[in-house]
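Student: Please take one part of this structure and go through it closely, with the numbers. I would like to see how its surroundings connect to it.

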Amino acid sequence: MALKIERTDARTWPDEHLKELFSEGFPEFITADRLVKDYIGRVGEWFADLNLMLLDEHDVPVASGWGVPIHWDGLPETLPTGYAQALVRAVEGREQGVKPNTLVICGAIVTPALKGHGLAGETLKALRQTARDVGWSQVIAPVRPTTKAQYPLTPIENFMRWRREDGLALDPWVRTHQRLGAEILSAAPASQTMTGTVAEWERWTGMAFPESGDYVIPGGLSLLSIDRSADEGVYREPNIWMQHS
């Protein structure tokens with residue numbers, strides 16, 4: 001497939017195209033990260049050049065990816081704690097005049113009908129090329145392992161060590177990064193923190209939470225902790241930091 005790459009804000013996309021592209025999105029609770037809500041507006045405004053759309057030969061969007069720039073000294077111990085803090089570091093770095101040297105790939109999505117055709121890898125390549133074009137020497141990603149939801153009781157530190165017989169990661173999204181030369185750096189056990197009332201969590205998950213405690217939830221990579229006396233549920237989403245060569 002011949003692909004074209006454009007900034008997402010380069011044009012107005014037909015609603016039906018966007019609906020198809022994003023029809024298999026993330027769990028509804030993924031938007032309940034209050035810290036991300038505080039920063040995502042400035043991210044969209046300031047780093048629009050890092051929000052890319054991949055188009056087929058008919059100018060139909062078939063994949064999309066985006067990222068943010070940060071300054072990072074290359075040491076695993078100074079990585080952001082995960083996705084949310086990467087946004088904070090990018091925004092506050094811009095506000096403070098810090099020169100970035102690293103692209104953080106924050107997400108990539110492929111239209112459902114074309115999954116398995118290599119478009120996710122092409123999206124990652126396009127973002128890496130964008131970083132090279134502006135002279136950033138490092139590309140990292142807080143990777144959301146798609147199959148971790150099947151093992152919500154397993155610590156992310158354990159899960160990220162799981163391998164297939166060929167030596168690649170058990171998780172297919174991690175493998176996509178590995179096939180492009182990326183290596184696992186470290187776990188990000190609290191890459192995001194989603195907070196809501198008990199009623200909100202019941203709506204987001206389609207479940208009932210009759211008493212306080214920890215629950216397995218649909219699409220959750222770890223457990224949801226419910227405190228009925230505080231009328232609050234807290235879910236901490238684990239990711240895996242990876243670095244592209």
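Tutor: A polar contact here is a pair of N or O atoms within 3.5 Å; within protein, one must be able to donate a hydrogen and the other to accept it, and residues adjacent in sequence count only if both atoms are side-chain atoms. The side chain of Trp241 makes such a pair with the backbone oxygen of Pro80, at 2.9 Å. The model is predicted, and the part to look at is strand 9, where Trp241 lies.

Trp241 has a relative accessibility of 1% and therefore counts as buried, the cut-off being under 20%. The C-alpha atom of Trp241 is 5.6 Å from that of Ala141, although the two residues are 100 apart along the chain.

Asn239 is also placed in strand 9, which covers residues 232-244. With a relative accessible area of 4%, Asn239 is buried. The side chain of Asn239 has a polar partner: a contact of 2.7 Å joins it to the side chain of Ser191. Leaving out residues up to four places away in sequence, Asn239 touches Tyr83, the run Pro142, Val143, Arg144 and Pro145, then Ile156, Ala187, Ala188 and Ser191.

Just before the strand there is a backbone feature. Asp231 sits in the loop between strand 8 (224-227) and strand 9, and its phi is positive, near 50°, in a residue other than glycine. Most residues other than glycine have a negative phi. At 40% relative accessible area, Asp231 is partly exposed. A second case is Asp59, a non-glycine residue with a positive phi near 65°. Asp59 belongs to the loop between strand 2 (51-55) and strand 3 (61-70) and is partly exposed, its relative accessible area being 26%.

From strand 9 the packing can be followed to helix 6. The buried residues of helix 6 are Trp173, Val174, Arg175, His177 and Gln178. These buried residues pack against strand 9, and also against strand 4, helix 4, strand 5 (138-143) and strand 6 (183-196). Asp171 caps the N-terminal end of helix 6, with a side-chain oxygen 3.1 Å from the backbone nitrogen of Trp173. After the helix comes Gly181, whose phi is positive, near 95°.

Helix 4 deserves its own description as a partner of helix 6. Helix 4 (residues 119-133) and helix 6 (residues 172-179) pack at about 50°, their axes 10 Å apart. The two helices are therefore oblique to each other, and their crossing is right-handed. In the contact, Ala120, Gly121 and Leu124 of helix 4 meet Trp173, Thr176 and His177 of helix 6. Sorted by class, that contact has 3 nonpolar, 3 polar and no charged residues.

Strand 4, another partner of the buried residues of helix 6, can be represented by Ile105, which lies in it (residues 102-110). Ile105 is buried at 3% relative accessible area. Neighbours within four places in sequence aside, Ile105 contacts Trp66, Gly67, Leu124, Leu127, Val139, Ile140, Ala141 and Pro142. Two of these names have come up in connection with strand 9: Ala141 opposite Trp241, and Pro142 as a contact of Asn239. Leu124 is the link to the helix pair, as one of the residues of helix 4 that meet helix 6. The C-alpha atoms of Ile105 and Gly65 are separated by 7.8 Å, with their positions 40 residues apart along the chain.

The remaining thread is Tyr83, touched by Asn239 and part of the contact between helix 2 and helix 3. Helix 2 (residues 34-46) and helix 3 (residues 83-95) have axes 9 Å apart and pack at an angle of about 50°. That angle makes helix 2 oblique to helix 3. The crossing of helix 2 over helix 3 is left-handed. On the helix 2 side the contact is formed by Leu35, Val36, Tyr39, Ile40, Arg42, Val43 and Trp46; on the helix 3 side, Tyr83 is joined by Ala84, Leu87, Val88, Val91, Glu92, Arg94 and Glu95. By class, the contact has 11 nonpolar, no polar and 4 charged residues.

Note on methods:
Residues are numbered from 1 along each chain as its sequence is written. This is a predicted model: local features need pLDDT of at least 70, side-chain atom pairs count only at pLDDT 80 or more; totals for chains, interfaces and linings use all residues. Side-chain values use heavy atoms; hydrogens and water are left out. Axes are lines fitted to C-alpha atoms, for helices over the stretch in contact, and angles run from 0 to 180 degrees between N-to-C directions. Helices (H or I, at least four residues) and strands (E, at least two) are DSSP runs, numbered from the N terminus. Angles under 35 degrees count as roughly parallel, over 145 as roughly antiparallel, 65 to 115 as roughly perpendicular and the rest as oblique. A crossing is left-handed if the near helix is turned anticlockwise from the far one by less than a right angle, and right-handed if clockwise. Contact means heavy atoms within 4.5 Å. Ala, Val, Leu, Ile, Met, Phe, Trp, Tyr, Cys and Pro count as nonpolar, Asp, Glu, Lys and Arg as charged, and the others, Gly among them, as polar. Buried means under 20% relative accessible area, exposed over 50%, partly exposed in between (1.4 Å probe, protein chains only).
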